[in-house]
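Visitor: I am new to this structure and would love a close look at one part of it. Could you start with a residue that the database record points to, and then lead me on from there?

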Amino acid sequence: MTEILTGTPVVGGVAHGPALWPGRRPDHSAEALGAGVEIAEGRRAEESARFTEAAATVAARLRERASQNTGVAAEVLAATAGLAEDRGWIGAASALIAKGASAPSAAVAATEQFAAVFTKLGGLMAERVTDLNDVRDRVVAELLGLPEPGVPTPEVPSILLADDLAPADTAGLDPAATIALVTRLGGPTSHTAIIARQLGIPCVVAVGGLGEIESGTAILVDGTTGEIVVDPDDAVASARVEEYRHHAARVAGWSGPGRTADGVEVAILANVADGASARAATGQPVEGVGLFRTELAFLERADEPSVEEQAAIYREVLDAFAGGKVVVRTLDAGSDKPLRFVSHPDEANPALGVRGDRIALAHPEIRAHQLDAIARAAEESGARPWVMAPMIASPAEAAAFAAQVRERGLVAGVMVEVPAAAILAPAILAEVDFVSIGTNDLTQYTMAADRMSADLAALTDPWQPAVLHLISMVAQAGRDQGKPVGVCGEAAADPYLACVLVGLGVTSLSSAPVAAPAVGAQLGAVTLETCKKAAAAALAATDPAAARAAAAAILDSDEVRLAASR
């Protein structure tokens, strides 16, 4: 019988095909790992070296994959490679080997220690447990001479099901072979969800009962509604896929620029992480860059990159969008995304700790050098980039940052990710030239919910009315002062939510470049007045599902469809 499961929709689209589960991970039993056999004292140094070599091999493979990817995929793969070489993890395993443990059993035991700590810390550190477990299994497989674990290449286009996926698996997916992604865990802003958006494949997360579906079972995935239909009627499923294909074909014909049906301009921008991802973004109908994440230049570096090195990296992005808008976010690092050349504090909750703008308080030279590099790249390219700081919580922080930016002849702005910044938006906007709302963190902090928790996925849905009310407050402050208010969180990739954001007063939308045509086409089919009505309906709702349904009812009304067809 047909069964319907529901989860949190992340990437829109409809797909129908056989279910596919990832291959089995290495056996962690004591017998398979050799945990019951004590390594002779004379062989322990050799066993420790064997472990270290396996970890280095895994790290090298992950870095190679990072070099073959761009944007967020490259960033998270590089960070995962760093886990394979983490001195604390390697030290813990080596200590166990020194007491007689085998290298494979030491890898598992050390991972259990760190995973317990990460889970207890929660927030962004808890996100790394999946990545750490993935590193563990790759190292164990290397030690045991087994094939590298991961997602198999399907023989026919399939729908990948998983408890969760590590970045190394998600980043390597082929959209032609893996036509949709469904996970039991994760949230709408997890690495899996973000990379699924970058790949442009339908994705639903936090699906209860997923483990009951066997490989090969036909399923229908609707990434817009969050529905998973098990054993659907073939004719019905085919009709829904065909309807979506017609919609996708119409979307693919959208070429910009961003504006509503009545001509109100809305900049459709791209999130990028380096020159390669910026050049790739130019293949989509985007007008510029709304979020240039600069962490990739710093992560995995043993020392701070020089001004010259940074300027060369920033210049690549400015050159890719010569004459277009480019918004650069200064370094967003912390103990969750640690810098190897900085001593990070031991924090009970890194999500609420020293990260983003707060790094500059202890290390002002890092920000000064970065701003110097941005200014140099701007001078060399003839551009005038907009520059914003992450994790700003007060008008005083905004003013201090703006002064540094303006000293270098650049346009100053800040991120609104902390509820305090949204509440004090009028005072903060008085200090800067623009703001950009990071909906991923704003949602997490507003709802006091770990964005990686499957149990709390409904709370971290950007359709949460409380989050929309904060966005409305920021947008109103922007209108009052005549200053731009953008959204650069993944909420901007949802076509319906994009219309709601515009109805609230947001002036630009930045997300994964592949989302631009769907967002632009949807905006172009409705008037600003319709967007305002959808926004009002969403604000009046009391939960995200009701907000989404209320907005969709207005945006999909017969009256709107008729107007769009004229």
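Guide: Let's begin with Arg-329, which is buried in this predicted model because its relative accessible area is 6%, under the 20% limit for that label. You will find Arg-329 in strand 11, which covers residues 325–329. The unreviewed UniProt entry lists Arg-329 under "binding site", together with Arg-293, Asn-440, Asp-441 and Arg-451. These annotations may be inferred rather than shown by experiment.

Arg-293, from that list, is part of strand 10, residues 288–293. With a relative accessible area of 11%, Arg-293 is buried as well.

Now turn to another arginine, Arg-259, in the loop between helix 10 (234–252) and strand 9 (267–272). Arg-259 counts as partly exposed because its relative accessibility is 36%, and that label covers values between 20% and 50%. Setting aside neighbours within four places in sequence, Arg-259 is in contact with Val-264, Glu-265, Val-266, Leu-523 and Gly-524. Follow the chain onward and you reach Ala-521, 262 residues from Arg-259 in sequence, yet their C-alpha atoms are 9.1 Å apart in space.

Leu-523, one of those contacts of Arg-259, takes us to the largest nonpolar core, which has 88 residues. Leu-523 is among the members that touch the most others, along with Val-435, Ile-471, Val-500 and Leu-509. Helix 20 (residues 495–504) gives the most to this core, with 8 residues. In soluble globular proteins, nonpolar side chains tend to be buried together.

Val-500 is a good place to pause: not counting residues up to four places away in sequence, Val-500 touches Trp-463, Cys-531, Ala-534, Ala-535, Ala-538 and Ala-551. Another core, of 36 residues, lies apart from the largest one, and its members include Leu-77, Ile-97, Val-108 and Ala-115.

Let's finish with Cys-531, which Val-500 touches. Cys-531 counts as buried, at 0% relative accessibility, and Cys-499 is buried too, with a relative accessible area of 0%. You might wonder why these two cysteines are not bonded: the sulfur of Cys-499 is 4.4 Å from the closest cysteine sulfur, in Cys-531, and that is too far for a bond. A disulfide needs the two sulfur atoms within 2.5 Å. Seen from the other side, the closest cysteine sulfur to Cys-531 is that of Cys-499. The structure as a whole holds 0 disulfides.

Terms used. Residues numbered from 1 in each chain as written. Predicted model: local features only at pLDDT ≥ 70, side-chain atom pairs only at ≥ 80, totals over all residues. Heavy atoms only, no water. Helix = DSSP H or I, 4+ residues; strand = E, 2+ residues; numbered from the N terminus. Buried < 20%, exposed > 50% of the residue type's maximum accessible area, 1.4 Å probe, protein only. Contact = heavy atoms within 4.5 Å. Core = buried A, V, L, I, M, F, W, Y, C linked by side-chain atoms within 4.5 Å.
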